[in-house]
Amino acid sequence: MEEFDVFVIGSGVAGRLVAKLCTREGLKVAITDNRAFGGTCANRGCDPKKVILGPTEVFEMASNLHGKGVSVLPELNWEKNQKFKREFTYNVPAGTEGQLNDLGVTLYHQSPKFLDANTLSVEGKTVSAKKIVIATGLVPRVLTFEGANYLNTSDDFLKLKKLPKSMVFIGGGYVGMELAHMAARYGCQVTLIERNDGILKAFDSDLSADLLQVSKALGIKFIFNAEVDSVEKLRKNHRLNYTVDGKSSSLKARIIFNTAGRVPAISELALDKGNVAYSEAGVTVNAYLQNTTNTSVYACGDVSSHSVPLTPLSGMEAKIVADNIINKNQTEIDVHTVPSAVFTLPNLASVGLSEKEAKKQYSNVIVRQDRVGHWYNAKRSNEKSYAYKVLINEDTNEVLGAHILGTNAAETINLFALAIHQKIKVDAIKNMAFVYPTWGSDIKSML
């Protein structure tokens with residue numbers, strides 16, 4: 001039985017950073033992954049998604065300015081864009097393995113199972129480790145209705161060689177909305193079906209409602225308050241059967257995607273045998289990101305109960321875990337104000353508290369909000385929607401939260417993240433000099 005100081009499960013941003021940091025301190029480290037090394041973000045998530053988004057951004061801007069200086073609209077080519085995307089993803093697994101090999105990390109290629117608190121079974125071998133780090137991320141939520149085996153996932157969408165004529169997305173979260181926008185702009189007939197009464201429940205409801213109207217104008221069809229009953233395989237299409245308010249209906253599409261959310265990837269680990277506490281939120285950890293029942297286990301990244309599914313936070317947590325393994329629990333997690341964005345067009349971005357959370361925590365909250373399609377930046381590019389909501393603590397004159405819907409919202413939100421994290425007063429921001437005209441300069445008018 002081979003023994004390690006640290007055994008890392010998962011080779012995404014969090015897992016491989018823990019492995020690198022611990023190895024550099026002279027610890028004997030192993031890492032394993034049941035999929036291609038490099039994790040979700042680089043192989044089948046953030047990075048390839050943004051490559052596919054790129055041409056649609058060009059198309060959207062050209063469409064907005066059609067007849068206003070743009071005479072001919074560009075043609076989008078899915079196949080050529082997929083070829084370009086592979087330039088970013090093809091070398092990731094081998095490159096990641098090569099880097100880890102060069103550091104002296106032992107590599108395995110399987111999902112391990114706990115045998116006891118410090119022992120794992122992997123690739124038919126039994127290994128032990130003084131510390132075990134779970135960094136397995138999230139996987140698509142399993143749907144259990146009849147015919148659910150015919151559903152595809154976001155992984156499949158990003159690998160499509162050709163775009164079908166029609167598709168359906170089950171779930172109106174950020175994954176479903178992003179993919180729906182991309183597919184619609186590439187000319188696909190898109191329907192999104194959602195069990196709730198709206199989209200993007202984790203984001204500001206006013207701005208989500210504005211984005212919904214833009215999405216409908218793009219040609220995306222929405223079915224809300226719907227319960228999917230079953231999916232059938234036809235000759236060329238699939239039939240999705242659903243119920244709304246007790247009334248049964250159906251629709252057909254070439255391909256149907258499960259975008260009903262993601263859950264912690266822990267089902268294959270046999271955590272109970274390792275005395276590892278967990279819940280629907282993931283591996284249960286304390287402020288040191290150490291498991292609450294098995295002190296030999298740490299968790300970081302999306303699979304941690306302390307985390308939110310955002311790549312920047314995964315890296316921060318990985319550093320904390322590595323430091324606590326090396327220095328015996330010296331560093332506690334400080335929950336950072338992490339901005340997030342939905343890469344639809346326009347983007348929907350958020351940082352800090354929601355309006356409801358702000359008013360619950362503070363007695364004097366100023367709400368600044370408006371639809372500002374008449375502002376210069378929106379008018380010059382003929383944007384379809386531009387709106388914001390900023391929450392300010394009247395007592396301290398500090399920003400509590402910011403929410404933006406706009407073409408450049410995913411970039412602009414970083415300025416608000418900086419302001420919140422550094423507790424910069426509203427007056428100080430308004431007195432700063434920004435380059436004009438830029439999207440970033442608009443934040444002064446939002447305060």
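**Exercise 1. Where is aspartate 245 placed, and what is its phi?**

Step 1. In this predicted model, aspartate 245 sits in the loop between β12 (238-244) and β13 (247-253).

Step 2. Turn to the backbone: aspartate 245 is not a glycine, yet its phi is positive, at about 50°. To see why that deserves a look, keep in mind that most residues other than glycine have a negative phi.

Step 3. Now check the surface. Relative accessibility over 50% counts as exposed, and aspartate 245 has 77%, so it is exposed.

**Exercise 2. Which loop holds asparagine 382, and is this residue buried, partly exposed or exposed?**

Step 1. Asparagine 382 is found in the loop between α11 (376-380) and β22 (387-393).

Step 2. Asparagine 382 also has a positive phi, about 55°, although it is not a glycine.

Step 3. The relative accessible area of asparagine 382 is 34%, and therefore it counts as partly exposed.

**Exercise 3. Find what kind of peptide bond joins leucine 345 and proline 346, then tyrosine 436 and proline 437.**

Step 1. Start with the general picture: most peptide bonds are trans.

Step 2. Leucine 345 and proline 346 are joined by a cis peptide bond, with omega about 5°. Proline 346 belongs to the loop between β19 (340-342) and β20 (347-352).

Step 3. Tyrosine 436 and proline 437 are likewise joined by a cis peptide bond, with omega about 0°. Look for proline 437 in the loop between α13 (426-430) and α14 (443-446).

**Exercise 4. How do helices α3 and α7 cross, and which residues meet there?**

Step 1. Locate helix α3 at residues 46-64 and helix α7 at residues 174-185. Their axes come within 10 Å and cross at roughly 50°.

Step 2. With that angle, α3 and α7 are oblique to each other. Their crossing is left-handed.

Step 3. On the α3 side, the residues in the contact are Lys49, Ile52, Leu53, Thr56 and Glu60; on the α7 side, they are Glu178, Met182 and Arg185.

Step 4. Sorted by class, the residues of this contact between α3 and α7 are three nonpolar, one polar and four charged.

**Exercise 5. Is α7 roughly parallel or roughly antiparallel to α8?**

Step 1. Helix α8 covers residues 205-218, and it packs with α7 at an angle of about 30°, with the axes 10 Å apart.

Step 2. Angles under 35 degrees count as roughly parallel, so α7 is roughly parallel to α8. The crossing of α7 and α8 is left-handed.

Step 3. Met177, His181, Ala184 and Arg185 are the α7 residues here, and they meet Leu211, Ser215 and Leu218 of α8. By class, the contact of α7 with α8 has four nonpolar, two polar and one charged residues.

Step 4. Compare the lists for a linking residue: Arg185 of α7 takes part in the contact with α3, and Arg185 also appears in the contact with α8.

**Exercise 6. How many disulfides are there, and how far is cysteine 300 from the nearest cysteine sulfur?**

Step 1. A disulfide needs two cysteine sulfur atoms within 2.5 Å. By this rule, the count is zero.

Step 2. Cysteine 300 is in no disulfide: the nearest cysteine sulfur, that of cysteine 22, is 9.6 Å away.

Step 3. Cysteine 300 has 1% relative accessibility and counts as buried. Cysteine 41, at 16%, counts as buried as well.

**Exercise 7. For lysine 389, threonine 412 and glycine 282, find where each one lies and which residues it contacts.**

Step 1. Lysine 389 is in strand β22. With 1% relative accessibility, lysine 389 is buried. Leaving aside neighbours within four places in sequence, its contacts include Asp204, Asp206, Glu355 and Arg368.

Step 2. Threonine 412 is part of helix α12 (residues 409-421). Threonine 412 is buried, at 4% relative accessibility. Beyond neighbours within four places in sequence, threonine 412 touches Ile404, Trp439, Gly440 and Ile443.

Step 3. Glycine 282 lies in strand β17 (residues 282-283). Its relative accessibility is 0%, so glycine 282 counts as buried. Not counting residues up to four places away in sequence, glycine 282 is in contact with Pro264, Val303 and Ser305.

Notes. Residues numbered from 1 in each chain as written. Predicted model: local features only at pLDDT ≥ 70, side-chain atom pairs only at ≥ 80, totals over all residues. Heavy atoms only, no water. Helix = DSSP H or I, 4+ residues; strand = E, 2+ residues; numbered from the N terminus. Buried < 20%, exposed > 50% of the residue type's maximum accessible area, 1.4 Å probe, protein only. Contact = heavy atoms within 4.5 Å. Axes fitted to C-alpha atoms, helices over the stretch in contact; angles between N-to-C directions. Parallel < 35°, antiparallel > 145°, perpendicular 65-115°, else oblique. Left-handed = near helix turned anticlockwise from the far one by under 90°. Nonpolar A, V, L, I, M, F, W, Y, C, P; charged D, E, K, R; others polar.
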